Amino acid sequence: MTRVAILGGGPGGYESALVAAQLGADVTLVERDGPGGACVLTDCVPSKTLIATSTRMAVLSESVSLGVRFSGGSDGEVGGPEVDLPLVNKRVKELAWAQSADIESRVADEGVRIIRGAGRLVDPQIVAVGDERIHADVVLIATGATPRVLPGAEPDGERILNWRQLYDLPELPEDLIVVGSGVTGAEFAGAYLALGSRVTLVSSRDHVLPNEDEDAARVLEEVFQRRGMNLLARSRAAGVKRTADGVEVTLTDGRTVTGSHCLMTVGMEPNTRGMGLEEAGVRLDERGFVQVDKVSRTSAPHVYAAGDCTGILMLASVAAMQGRIAMWHALGEAVQPLKLGWVAANIFTDPEVATVGVSQAQIDSGEVPARIVKLPLSTNPRAKMQGFLDGFVKIFCRPATGIVLGGVIVAPRASELILGLSIAVQQHLTVDQVAHTFAVYPSVSGSITEAARRLMQESAY
């Protein structure tokens with residue numbers, strides 16, 4: 001029986017453990033914090049639970065145009081929704097631990113042995129956890145990553161925070177400064193704005209989400225500003241310090257921004273130091289990420305890696321697929337290499353931003369020839385009914401064949417809507433085939449088939 005040792009219990013770890021166990025391996029999973037790892041306990045699951053509450057708040061706050069009125073209070077003033085942050089945080093933590101318990105039960109049912117602790121490599125086939133030595137035929141490194149700390153802006157867990165410390169706040173930040181306008185920064189800035197905080201978003205680039213679809217970023221920026229967010233573009237934080245009653249952020253141009261709290265979202269660092277990886281022959285890049293090939297192999301024999309510690313698209317779905325591919329390959333199953341062009345990604349702002357396949361930037365640069373159709377959400381009947389008018393559906397296809405190459409959806413629940421385009425990309429469907437697919441009327445998904453029909457019509461001329 002093949003012995004498999006997995007270091008890290010996040011999506012890359014527990015999904016690979018399930019595959020290995022189902023293929024008959026003897027599997028040991030080493031996890032320091034709990035099954036599900038940081039993804040479930042401190043990162044993805046908690047943040048999206050918080051965002052679920054913030055989205056409800058946003059819908060309630062903007063529902064007057066749909067005919068919803070709030071009854072007046074005893075003083076005659078119109079009431080409105082308020083957030084109970086301790087209750088929100090309690091729900092966030094309870095849901096995270098419940099999800100972790102579900103994962104633990106699932107992997108245990110498959111016969112996976114779980115060891116609580118931090119593992120390190122003694123050599124490519126021996127894992128140490130404290131005084132215990134685990135001998136393995138195959139080792140998978142899936143230890144994830146940790147929020148990067150900006151020198152001069154070290155989190156203290158009270159006023160200067162990373163996103164893993166937010167759920168211990170006793171009350172809603174009155175004036176929250178978010179440093180970093182990437183995915184994490186945009187998600188939390190939008191969430192706390194909807195919950196009732198005054199928010200300032202410090203972006204070192206020209207606009208929010210600098211690495212995402214520019215059309216989508218512009219829509220989101222307009223929504224943020226309309227809702228009252230203060231956006232500081234082309235502004236880089238040099239340091240953050242505590243004041244008597246809050247924080248002061250110093251920018252590289254000498255300006256200062258004051259607030260009650262500061263959230264640092266300036267990237268991730270891999271959890272690979274002090275694990276004996278390089279000594280065991282595992283090659284790391286200059287930032288400490290594990291270098292892997294398309295089937296998750298490292299430079300050391302019998303050692304694989306998956307997830308955020310590899311630095312390849314830090315998404316739970318990618319981590320899980322990397323882990324599955326690693327086990328299929330290691331245990332002799334037929335396997336397809338990781339295809340990043342098939343990855344669907346979502347940004348859980350309001351509205352959400354979902355993408356799959358090639359990007360607008362690749363098309364604009366001439367790297368990928370494609371035809372494009374973009375339909376504004378304001379033309380969709382279901383969106384009009386619900387009062388959701390910010391956003392669009394955009395589809396890219398090959399000029400000659402009409403094969404769908406990718407797309408972008410900016411809409412409420414874009415994370416659910418993108419599946420249709422993901423299937424089209426992975427299965428090499430044409431816009432004709434998508435156009436001939438029934439969509440419910442009225443539905444937001446109807447804009448996908450409508451966009452496909454427009455591309456189909458263009459190909460006829």
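This is a short tour of two helices, one helix crossing and one loop residue in a predicted model.

**Stop 1: helix α5**

Start by selecting residues 183-195, which form helix α5. If you place a distance label between its end C-alpha atoms, expect 18 Å; that agrees with the span of 18 Å expected for 13 residues at 1.5 Å a residue.

Now colour α5 by burial. Most of the helix is covered, with 11 of its 13 residues buried. The buried stretch includes Gly185, Ala186, Glu187 and Phe188, and Tyr192 and Leu195 are also among its members.

What do these buried residues pack against? Show α3 (44-61) and α6 (214-226), then the strands β10 (175-179), β11 (198-202), β16 (261-264) and β19 (344-347), and you have the surroundings of α5 on screen. Before moving on, click on Gly196, which follows α5 and has a positive phi, near 125 degrees.

**Stop 2: where α3 and α5 cross**

Keep α5 visible and bring α3 forward. Two packed helices are described by the angle between their axes and the distance between the axes. Here the axes of α3 and α5 come within 8 Å and cross at roughly 45 degrees. The two helices, α3 and α5, are therefore oblique to each other, and their crossing is left-handed.

Show side chains at this contact. On the α3 side, select Ser47, Lys48, Leu50, Ile51, Thr53, Ser54, Met57 and Ala58; they meet Glu187, Phe188, Ala191, Tyr192, Ala194 and Leu195 of α5. Sorted by class, the contact of α3 with α5 has 9 nonpolar, 3 polar and 2 charged residues.

**Stop 3: helix α7**

Next, select residues 316-330, helix α7. Its 15 residues should span 21 Å at 1.5 Å a residue, and its end C-alpha atoms are indeed 21 Å apart.

Which residues of α7 are buried? Pick out Val318, Ala319, Ala320, Gln322, Gly323, Ile325, Ala326 and Met327. The buried residues of α7 pack against helix α1 (11-22) and against β1 (3-7), β7 (138-141) and β18 (303-305). After α7 comes Gly332, with a positive phi near 85 degrees.

**Stop 4: Asp33 in its loop**

Finish at Asp33, in the loop between β2 (26-31) and α2 (37-41). Is Asp33 buried, exposed or partly exposed? With 38% relative accessibility, Asp33 counts as partly exposed.

Leaving aside residues up to four places away in sequence, Asp33 touches Leu41, Trp97 and Arg116. For a last distance label, join the C-alpha atoms of Asp33 and Ser100: they are 10.0 Å apart in space, with the two residues 67 residues apart in sequence.

Technical notes: Residues numbered from 1 in each chain as written. Predicted model: local features only at pLDDT ≥ 70, side-chain atom pairs only at ≥ 80, totals over all residues. Heavy atoms only, no water. Helix = DSSP H or I, 4+ residues; strand = E, 2+ residues; numbered from the N terminus. Expected span 1.5 Å × (residues − 1). Buried < 20%, exposed > 50% of the residue type's maximum accessible area, 1.4 Å probe, protein only. Contact = heavy atoms within 4.5 Å. Axes fitted to C-alpha atoms, helices over the stretch in contact; angles between N-to-C directions. Parallel < 35°, antiparallel > 145°, perpendicular 65-115°, else oblique. Left-handed = near helix turned anticlockwise from the far one by under 90°. Nonpolar A, V, L, I, M, F, W, Y, C, P; charged D, E, K, R; others polar.
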